[in-house]
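Thanks for coming. I will put one structure on the screen and walk through a few parts of it.

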Amino acid sequence: MIKVAVLDDYQAVAATMADWAQLGPDVAVDFFHEHVAEREALVERLAPYAVVCLMRERTPFPRALFERLPGLQLLVTTGMRNAAIDMEAAREHGVVVCGTGGATHGTAELAWALVLALARNLPTEDAWLRQGGWQRSVGTTLHGRTLGLLGLGRLGQVVARYGHAFGMDVLAWSHNLTAEHAAEHGASRVDEDELLRRADVVSIHLVLSERTRGLIGARELALMQPSAYLVNTSRGPIVDEDALVRALHDGVIAGAALDVYHEEPLPPDHPLLDAPNTVLTPHLGYVNDAAYEAFYRDTVEVIRSWRAGTPVRVIVPARSGGSG
């Protein structure tokens, strides 16, 4: 009997998102809904399993975990990139790592929902109305304003189209972005500092790498307009959280909307929870029906192909020195 563990099924929906029976009667699949962060407890949970299925970066898989799980043979992550897996350790321990497809638009849609929530003070107005109040704030119109995109890849391109639909001018920057590529998607390529100075809304759509880690810190936040908003649906460590908390308390920027954090789940005593003018969501960008169906359908396919001796969507360790 091959045992499969599906981790961090927070919404208890993984069993319904794919036909797990395709794996056959000699495969037992267990779905775990509660996140386990403590190392010893995680080792104890995973010790019986030859196959472990991860949901993005919810459960890190460092070298120390591979060393404690000699029976592990296959690691399946949703998506084709998971920075929380020590890929070199997986290779050294003979563990095959495979990924899945996904759906792009969910994260872009959430990013725009966060933009609107900030601009129209929706959390504040919702809470005020429930307390018996009526019209507490004055919202910001997006039409005629400037949207600054840090990153103009697949997600950034979709958000650029949303910005145009709302009548916004679009600026874009990334390390490798050319003026020609930006123009193809209706954006003007500018330097990072110029983007931060001019944008009314700055939205992050970059891959986390050594070049982007800590990209937005105190200096960069100080370049932004006091009326500007920051939105991050990419990866938490791109933004210096301590600097952001100070900037929000000091009124350096008007507000921030975050879906990603340095530590996830976000600790209950995290200072962001007390920061003013924030909209915080629990990494919901990829949490949607289309993405989940693709994730788990492909997970079943990966396990079947691995058992047949021809694993698909194999992820290999990146060469050192890469930008991620």
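What follows covers some strands, a few single residues and the cavities. One caution before the details: this is a predicted model.

I start with strand E4, residues 74–77. Leu74 and Val76 point one way from E4, while Leu75 and Thr77 point the other way. Buried or exposed, these residues of E4? All are buried.

E4 has a pairing with strand E3, residues 51–54, which is parallel and takes in 4 bridges. Within that pairing, Val52 has Leu75 as its bridge partner. E4 also runs parallel to strand E5, residues 96–98, and 3 bridges join the two. Here Leu75 turns up again, standing opposite Val97 of E5. So much for the pairings; now the connections. Helix H2, residues 63–68, together with E3 and E4 makes a right-handed β-α-β unit. E4, helix H3 (residues 87–92) and E5 also form a right-handed β-α-β unit.

Next, another sheet. In what order do the strands of the open sheet of 7 run? The order is E8-E7-E6-E9-E10-E11-E12, and the pairing is parallel. Strand E8 (188–189) and strand E12 (278–280) are at the edges with a single partner strand each, so one side of each has no neighbour in the sheet. As a general reminder, strands of a sheet pair through backbone hydrogen bonds, either parallel or antiparallel. Inside this sheet, E9 and strand E10, residues 229–232, pair in the parallel sense over 4 bridges. One bridge there puts Val202 with Leu230 of E10.

From E9 I move to the loop that comes after it. His205 sits in the loop between strand E9 (201–204) and helix H9 (218–223). The relative accessible area of His205 is 11%, and because the limit for buried is under 20%, His205 counts as buried. Its side chain makes a polar contact of 2.7 Å with the side chain of Ser203. Leaving out residues up to four places away in sequence, His205 touches several others, among them Ala111, Leu149, Leu155, Val159 and Thr233.

At the other end of that loop is H9, and Ala222 is placed in this helix. Ala222 is exposed, with a relative accessible area of 54%. The C-alpha atoms of Ala222 and Ala243 are 9.9 Å apart, with their positions 21 residues apart along the chain.

Now Asp9. Where is Asp9? Asp9 lies in the loop between strand E1 (2–6) and strand E2 (27–31). Asp9 is buried, at a relative accessible area of 2%. A polar atom of the Asp9 side chain lies 3.0 Å from the backbone nitrogen of Val13. Apart from residues up to four places away in sequence, Asp9 touches Ala14, Phe31, Phe32, His33 and Tyr296. For a longer span, take Asp9 and Gly163: they are 154 residues apart in sequence and 33 Å apart in space, C-alpha to C-alpha.

Last, the cavities. How many cavities of 30 Å³ or more does a search of the whole structure find? The search finds 2. The largest cavity holds about 40 Å³ of space. Its lining is made up of Asn232, Gly236, Val239, Glu241, Leu244, Leu258 and Val260.

That is the end of the tour. I can go back to any of these places on the screen.

Conventions:
Residues numbered from 1 in each chain as written. Predicted model: local features only at pLDDT ≥ 70, side-chain atom pairs only at ≥ 80, totals over all residues. Heavy atoms only, no water. Buried < 20%, exposed > 50% of the residue type's maximum accessible area, 1.4 Å probe, protein only. Pairing = 2+ DSSP bridges. Right-handed = clockwise from strand over helix to strand, strands pointing away. Polar contact = N/O pair within 3.5 Å; in protein donor to acceptor, adjacent residues only side chain to side chain. Contact = heavy atoms within 4.5 Å. 1 Å grid on protein atoms, 1.4 Å probe; cavity = no way out; pocket = protein on both sides within 12 Å on 5 of 7 lines; lining within 4 Å. Points joined across faces, edges and corners; volume = space filled by probe spheres on them.
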